[in-house]
Amino acid sequence: MGDWGTGNFDNDTAADHLSILTDRLITEVADAMSGDPVGIEPDEYWGVAVPANLELLALMARQSYVGASLPEAEVVEGWKKTYLAVWEGYIDELEVSPDYQDDRRAVLIRTFDELARLGRERDSY
């Protein structure tokens, strides 16, 4: 296996490992997004884990590590549309404040948009 630096992600084995991890995060999101919409409601496990996975993917992508996979920007944009439709259709049932709704919606939009931007940036290389 080749090394190109002394960092923890500067070798082929780490790149392979990172590819496995990011592929898992992407697969989990894809499965959640293609499953029963109830599973991605804001108070359900995947309703919380989907944006967390997207944030983790974006964090790794910003490091420019070799091996970090990203979904296509168009896929992320489709996920965003689906996720936000479910979120908007359910959030009022949780009886949270309008300020929380606005702030959380902004975070969700930013999370999806950032990952899509990183995907487009990667594809432009």
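Q: Why is Ser-64 called exposed in this predicted model?
A: Ser-64 has a relative accessible area of 61%. The word exposed is kept for values over 50%, so Ser-64 earns the label.

Q: Where does Ser-64 lie, and what is its phi?
A: Ser-64 sits in the loop between α2 and α3. Its phi is positive, about 60°, although Ser-64 is not a glycine.

Q: Which label does Glu-95 get, buried or exposed, and how do you know?
A: Glu-95 comes out at 73% relative accessibility. Exposed means over 50%, so Glu-95 counts as exposed. You'll find Glu-95 in the loop between α3 and α4. Glu-95 has a positive phi too, about 55°, and is not a glycine.

Q: What makes Asp-92 exposed?
A: Asp-92 reaches 55% relative accessibility. With the cut-off at over 50%, Asp-92 therefore counts as exposed. Asp-92 belongs to the loop between α3 (73-90) and α4 (98-123).

Q: Which residues form the negative surface patch, and what makes it negative?
A: The patch is made up of Asp-43, Glu-44, Asp-92 and Glu-93. Asp and Glu count as negative, so a patch of these four residues is called negative.

Q: How many helices and strands does the chain have?
A: The chain has four helices and zero strands. Read from the N terminus, its elements go α-α-α-α. Along the principal axes, the C-alpha atoms fill a box of roughly 55 × 25 × 25 Å. The chain has 125 residues, and 36% of them count as buried.

Q: How many aromatic pairs are there, and why is the one between Tyr-45 and Trp-46 called edge-to-face?
A: There are three aromatic pairs in the structure. Tyr-45 and Trp-46 form one of them, with 4.9 Å from centre to centre and 85° between the planes. Ring centres have to lie within 6.5 Å to pair, and planes over 60 degrees apart count as edge-to-face. Both values fit, so Tyr-45 and Trp-46 are an edge-to-face pair.

Q: How do you know which label fits Tyr-45 and which fits Trp-46, exposed or partly exposed?
A: Tyr-45 has a relative accessible area of 60%, and exposed starts over 50%, so Tyr-45 is exposed. Trp-46 has 27%. Partly exposed covers the range between the 20% and 50% cut-offs, so Trp-46 is partly exposed.

Q: Why is the pair of Tyr-83 and Phe-112 called tilted?
A: Tyr-83 and Phe-112 are 5.5 Å apart, centre to centre, with 45° between the planes. Stacked needs under 30 degrees and edge-to-face needs over 60, so the 45° of this pair makes it tilted. This pair links distant parts of the chain: Tyr-83 is in helix α3 and Phe-112 in helix α4, 29 residues apart. Tyr-83 and Phe-112 are both buried.

Q: What makes Glu-72 and Arg-122 a salt bridge?
A: The side chains of Glu-72 and Arg-122 meet at 3.6 Å, N to O. A salt bridge needs those atoms within 4 Å, so this pair qualifies. Glu-72 lies in the loop between α2 (45-62) and α3, and Arg-122 in helix α4, so the pair ties together parts that are 50 residues apart in sequence. By the 4 Å rule, the count comes to nine salt bridges.

Q: How do you know that Glu-88 and Arg-105 form a salt bridge, and which parts does the pair tie together?
A: The closest N and O atoms of Glu-88 and Arg-105 are 2.5 Å apart. The limit is 4 Å, so the pair counts. Glu-88 lies in helix α3 and Arg-105 in helix α4, so parts 17 residues apart in sequence are tied together. Glu-88 itself is partly exposed, with a relative accessible area of 37%.

Q: Why are Arg-117 and Glu-121 said to be separated by about one helical turn?
A: Arg-117 and Glu-121 are four residues apart in helix α4, which means about one helical turn between them. They form a salt bridge as well, with the closest N and O atoms 2.8 Å apart. Salt bridges that share partners join Arg-62, Glu-114, Arg-117 and Glu-121 into one network.

How values were computed:
Residues are numbered from 1 along each chain as its sequence is written. This is a predicted model: local features need pLDDT of at least 70, side-chain atom pairs count only at pLDDT 80 or more; totals for chains, interfaces and linings use all residues. Side-chain values use heavy atoms; hydrogens and water are left out. Patches are made of residues with over 30% relative accessible area and no salt bridge: like charges are joined within 9 Å, nonpolar side chains (Val, Leu, Ile, Met, Phe, Trp, Tyr) within 5 Å. Accessible areas come from the Shrake-Rupley method with a 1.4 Å probe; for residues, only the protein chains shown count as cover. The place of a charge is taken as NZ of Lys, CZ of Arg, CG of Asp or CD of Glu. Helices (H or I, at least four residues) and strands (E, at least two) are DSSP runs, numbered from the N terminus. Buried means under 20% relative accessible area, exposed over 50%, partly exposed in between (1.4 Å probe, protein chains only). Rings of Phe, Tyr and Trp (its six-membered ring) pair if their centres lie within 6.5 Å; planes under 30 degrees apart count as stacked, over 60 as edge-to-face and the rest as tilted.
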